[in-house]
Amino acid sequence: MLLGVKWVPVCVAGEMEYDERLARFRQGHLNPFDRGEEESTREDKGTPQHEVRPELFSTETKTQSVDRAMDLGLAEDHFSRPVGSFVASDIEQLKQAIEECKRLILELPEHSERQKDTVVKLIHLRLKLQELKDPEEDEPNLRVLLEHRFSKEKSKSVKQTCDKCSTIIWGLIQTWYTCTGCYYRCHSKCMNLITKPCVRSKVSHQSEYELNICPEIGLDRQDYRCAECRAPVSLRGVPSEARQCDYTGQYYCSSCHWNDTAVIPARVIHNWEFEPRKVCRSSMRYLTLMLSRPVLKLREINPLLFNFVEELVEIRKLRQDILLMKPYFITCKEAMEARLLLQLQDRQHFVENDDMYSLQDLIDISSGRLSCSLTEIHTTFAKHIKLDCERCQAKGFVCELCKEGDVLFPFDSHTSVCHDCSAVFHRDCYYDNSTTCPRCTRMTERKNEPATPEVA
């Protein structure tokens with residue numbers, strides 16, 4: 001036997017190695033706050049001090065603590081019981097692990113990879129804690145509240161924000177609803193706290209815009225309170241920041257005004273300005289629902305706008321032509337089978353009148369999209385009437401003043417239409433002729449003719 005060397009039996013060495021591995025396993029998978037109890041238990045059993053190897057914990061304390069926190073909340077077999085049988089002790093352990101992660105995030109170097117990983121683990125721990133606290137219950141698929149028709153959402157991956165509490169909706173573990181009318185979104189737990197009625201009811205009963213530009217009344221008239229929820233607000237942000245809605249001109253709190261932007265109808269009509277402005281949540285939903293509704297009669301609100309915006313004059317002429325083409329399609333079997341008028345189904349008011357506009361129409365006119373699409377539809381309609389369909393061609397007119405030229409149609413650019421009998425003439429012939437319309441003259445003579453006596 002060599003001097004200074006102590007031989008240990010193989011079985012004893014194996015037992016020591018097993019105890020050491022067991023201690024490491026327990027340190028990594030049990031409650032990270034029970035390390036003191038384990039050490040005291042180990043001392044009571046008489047375990048030799050040199051077998052504990054405290055240097056394992058002195059240099060790797062932070063790394064092991066982070067791993068322990070993750071394993072505590074994320075390991076599938078950690079709780080050693082079937083899914084759904086969680087008890088209060090499990091929630092307490094998760095809370096302890098969350099606090100441990102929060103402490104480690106503060107201790108680790110900023111912007112380090114280890115700190116980022118710890119933040120991710122903290123998020124997972126909190127999600128698991130939320131899942132244990134609020135397990136998904138059987139919620140009704142449809143709920144009606146303050147004229148809202150809430151439908152239960154089934155999407156689990158889309159990240160939304162609750163319009164009531166302004167916090168994120170975690171669709172994976174939380175039940176949430178969306179109003180089918182105004183698209184108001186909220187948690188299931190927030191539904192009983194809703195005080196805002198559905199905006200669609202306002203659209204149905206009062207389909208009109210505020211046509212004054214930012215009609216501000218001042219915070220003093222609002223009693224320094226939010227115009228919607230009546231929470232105290234001020235321009236200095238104490239207790240809550242006052243945010244002005246450019247559509248209503250009123251001030252709102254940060255819960256009712258999320259700095260959403262929208263095109264303001266009053267600025268478009270009076271200034272032809274399309275720059276989005278900040279509006280409150282209720283105004284945002286109202287403007288969204290009203291966007292495609294034809295409620296703007298420009299000739300009454302601001303008739304001078306046609307003198308300064310050439311695109312409006314062009315669109316008005318195209319709409320007038322389409323209205324003149326409509327009788328041809330209604331009486332044409334081929335046009336009805338081809339459903340030509342359905343090309344304007346997104347702008348149904350274009351086949352009903354020529355003076356009502358929606359806010360979306362004005363936006364598309366400004367961008368040039370409407371002019372291109374409407375010109376293409378106009379060309380398709382004219383081609384059917386003048387070239388493709390013999391029945392529609394037979395409904396054309398011949399100029400009765402000069403009795404020359406091709407067949408005329410009321411939507412041709414070089415024609416004029418009699419307002420009384422709808423007869424079509426060359427424009428030059430119609431204005432150069434000093435007499436009345438020949439067709440109107442014949443109709444008047446027929447009315448004045450004495451009735452033919454009946455033959456016995």
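A residue is called buried here when its relative accessible area is under 20%, and because Ala335 has a relative accessible area of 3%, Ala335 falls in that class. The model in which this is found is a predicted one, and the paragraphs below move from the chain as a whole to individual helices, strands, loops and charged pairs.

The protein chain has 456 residues, of which buried residues make up 37%, and its secondary structure consists of 19 helices and 14 strands. Among the contacts in the protein chain with a separation of 6 or more, 58% are accounted for by residues 24 or more positions apart. The accessible surface of the protein chain comes to about 28,300 Å², and carbon and sulfur atoms contribute 51% of that surface.

Ala335 offers a first local view, since this residue is both buried, at 3% relative accessible area, and part of helix α14, which spans residues 333-338. When residues up to four places away in sequence are not counted, Ala335 touches Phe329, Leu340 and His384. Phe381 lies 46 residues from Ala335 along the chain, yet the C-alpha atoms of these two residues are separated by 9.3 Å.

A loop residue can be examined in the same manner. Ala423 is placed in the loop between β13 (415-417) and β14 (424-426), and with 3% relative accessibility Ala423 counts as buried. Leaving aside neighbours within four places in sequence, Ala423 is in contact with Phe397, Ser416, Val417, Cys418, Cys437 and Arg439. Gly396, which is 27 residues away from Ala423 in sequence, is 9.8 Å away in space, C-alpha to C-alpha.

Turning to the strands, β5 (residues 176-179) is covered on both faces, with Trp176 and Thr178 buried on one side and Tyr177 and Cys179 buried on the other. Strand β2 (residues 148-152) runs antiparallel to β5 and is joined to it by three bridges, and in this pairing Lys152 stands opposite Tyr177 of β5. Strand β6 (residues 185-187) is likewise antiparallel to β5, again with three bridges between the two strands, and the bridge partner of Trp176 in β6 is His187. The connection between β5 and β6 is that of a hairpin with five residues between the strands, and within the turn Tyr183 has a positive phi of about 65°.

Two helices show how burial is distributed along a helical segment. Helix α10 (residues 281-290) is largely enclosed by the rest of the structure, because seven of its ten residues are buried; these are Arg281, Ser283, Arg285, Tyr286, Leu287, Leu289 and Met290. The cover over the buried residues of α10 includes the helices α8 (199-205) and α9 (265-271) together with the strands β9 (260-262) and β10 (277-279). In helix α15 (residues 359-367), the buried residues are Leu359, Asp361, Leu362, Ile363, Asp364 and Ile365. The buried residues of α15 pack against α9, β11 (296-297), α11 (298-301), α13 (310-330), β12 (356-357) and α16 (369-388). After α15 comes Gly368, whose phi is positive, near 90°.

The charged side chains complete the picture. Side chains of opposite charge can pair when their charged atoms come close, and the structure holds 22 salt bridges. One of them links Asp223 with Arg225, where the closest N and O atoms are 3.9 Å apart; Asp223 is partly exposed, with a relative accessible area of 48%, and Arg225 also counts as partly exposed, at 33% relative accessibility. Another salt bridge brings together the side chains of Glu273 and Arg267, at 3.9 Å from N to O, and here Arg267 is buried, with a relative accessible area of 12%.

The side chains of Lys297 and Glu300 meet in a salt bridge of 3.3 Å, N to O, in which Lys297 is partly exposed at 27% relative accessibility and Glu300 is exposed at 59% relative accessible area. Salt bridges that share partners also join Asp163, Asp260, Arg281 and Arg285 into one network. Two members of that network, Arg281 and Arg285, are among the buried residues of α10, and the strand β9 (260-262) is included in what covers the buried residues of that helix.

How values were computed: Residues numbered from 1 in each chain as written. Predicted model: local features only at pLDDT ≥ 70, side-chain atom pairs only at ≥ 80, totals over all residues. Heavy atoms only, no water. Salt bridge = Lys/Arg side-chain N within 4 Å of Asp/Glu carboxyl O. Buried < 20%, exposed > 50% of the residue type's maximum accessible area, 1.4 Å probe, protein only. Helix = DSSP H or I, 4+ residues; strand = E, 2+ residues; numbered from the N terminus. Contact = heavy atoms within 4.5 Å. Pairing = 2+ DSSP bridges. Areas by Shrake-Rupley, 256 points an atom, 1.4 Å probe, with all protein chains shown as cover.
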